[in-house]
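Reader: I'm new to this and would like to learn how to read a protein model. Could you walk me through one?

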Amino acid sequence: MAILLSGLGLSLAGFVLHVIAWRIKPPLRQTRGLLIIFFGSYLIGMLFWNRIPGAPGLSSFAEYLHSFLLFASLALGYIITYSAIEAESPTLTMIRALQTRGGMTPGEFSTLMSDEVLVSPRLKDLLRDGLAELREGRYAITPKGARFINIFVFYRGLMSAPKKGG
Amino acid sequence: METASIISPVAAFVLSIVVQIQTRRTSKGEYFTRSFLAGFGAGLISLSATELGIALKHGPDAFLILANLITYVALCYGYFHFLNLGETGRRIRLLMELREHPEGIAEDGILALYNAKEIIEKRIARLRRKDQIILENGRYFVAKSQVLYMSRILDGLKLVLFGKR
């Protein structure tokens with residue numbers, strides 16, 4: 001019970017702190033902010049877990065590890081979901097617009113979502129996150145960006161998936 | 001018992017990845033969702049078998065079984081989003097284009113390779129393939145509700161986080 005309660009409880013604590021922080025002001029680098037908040041609250045929570053009155057205590061290293069595994073899977077699952085909020089998924093925007101307007105032509109989609117809405121902000125994100133840099137007005141991949149994208153290139157190759165998604 | 005119980009969801013997750021990759025390879029890179037579901041199902045069977053074995057040997061612990069089930073589902077959920085990112089992520093696609101042009105590309109050049117038109121067309125094709133939208137008299141309409149529900153969940157989350165949608 002201690003593993004389940006600590007894993008779930010500290011995930012919830014991380015989420016509450018995240019809501020409070022975002023209500024005050026979302027950080028510029030939101031994924032990093034989420035990682036710090038969630039894993040920071042877990043670490044701090046774990047220091048005091050066994051002192052919380054009535055909370056079932058964790059005793060062995062294996063129990064701490066088990067609790068961490070549950071917590072980390074939930075926290076990372078949430079953080080990866082958050083990317084859909086941060087970068088406003090085009091698919092969800094399209095579905096929302098279809099529902100609101102009660103049907104749309106292909107041309108109306110193009111009016112709603114231009115290059116300025118769909119592509120340019122994502123290029124700015126790459127610069128902000130240090131995955132790309134501007135060299136004499138040209139966007140170029142950085143070593144950090146290359147390391148990051150190589151994971152996806154390798155993985156898509158492994159699955160025999162088409163080289164490029166999007 | 002403790003070690004077996006920790007390994008159980010991780011081993012099931014690893015199995016689900018292996019089955020997912022193999023299924024996708026067999027379909028020559030097609031079957032994005034089906035390969036994920038095949039992996040998820042295989043992992044779930046493995047998890048159930050391991051948890052049953054642990055319960056028979058040490059006695060059932062419903063809280064541990066629930067913790068492992070949540071861990072497994074959360075790991076698979078995160079993995080699905082990782083796969084989806086490679087499939088649909090715009091930043092990923094842009095980085096792939098930049099990777100092929102290490103000398104750099106101007107924004108106009110990038111837009112010639114990847115633009116709003118392609119993004120919209122690909123999404124319309126995916127949504128139609130999954131019967132989420134239908135085309136009637138030259139207009140698209142929402143047909144099924146799964147993506148719509150997902151959109152409402154994210155709208156709700158935005159409301160909680162930012163106080164607005």
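Author: Sure, let's start with overall spread. The radius of gyration is taken over C-alpha atoms, and the rule for a globule is 2.2 Å times the number of residues to the power 0.38. For 165 residues a compact globule would come near 15 Å, but chain B has 21 Å. Along the principal axes, the C-alpha atoms of chain B fill a box of roughly 65 × 40 × 35 Å.

Reader: What should I know about where this comes from?

Author: It's a predicted model, where local features need pLDDT of at least 70, side-chain atom pairs count only at pLDDT 80 or more, and totals for chains, interfaces and linings use all residues. Residues are numbered from 1 along each chain as its sequence is written, chains are lettered from A and ligands numbered from 1 in the order in which they are written, and side-chain values use heavy atoms, leaving out hydrogens and water.

Reader: How many helices and strands does chain B have?

Author: Helices (H or I, at least four residues) and strands (E, at least two) are DSSP runs, numbered from the N terminus. Chain B has 7 helices and 2 strands, in the order α-α-α-α-α-α-β-β-α from the N terminus.

Reader: How do I check a helix's length?

Author: The expected span is 1.5 Å times one less than its number of residues. Helix α6 of chain B (residues 116–129) has 14 residues and should span 20 Å, which agrees with its end C-alpha atoms being 20 Å apart. Try α4 of chain A (residues 90–101) too: its 12 residues should span 16 Å, and its end C-alpha atoms are 16 Å apart.

Reader: Which residues in α6(B) are buried?

Author: Buried means under 20% relative accessible area, exposed over 50%, and partly exposed in between (1.4 Å probe, protein chains only). An α-helix has 3.6 residues a turn, so residues three or four places apart point the same way. In α6(B), the buried residues include A116(B), I120(B), R123(B), I124(B) and L127(B). In α4(A), M94(A) and L98(A) are among the buried ones. Over the whole of chain B, 44% of the 165 residues count as buried.

Reader: What comes right after these helices?

Author: Look at phi there. α6(B) is followed by D131(B), with a positive phi near 55°, and just after α4(A), G102(A) has a positive phi of about 70°.

Reader: Is E136(A) buried or exposed?

Author: E136(A) is exposed, at a relative accessible area of 83%. This residue lies in the loop between β1 (132–135) and β2 (138–141) of chain A.
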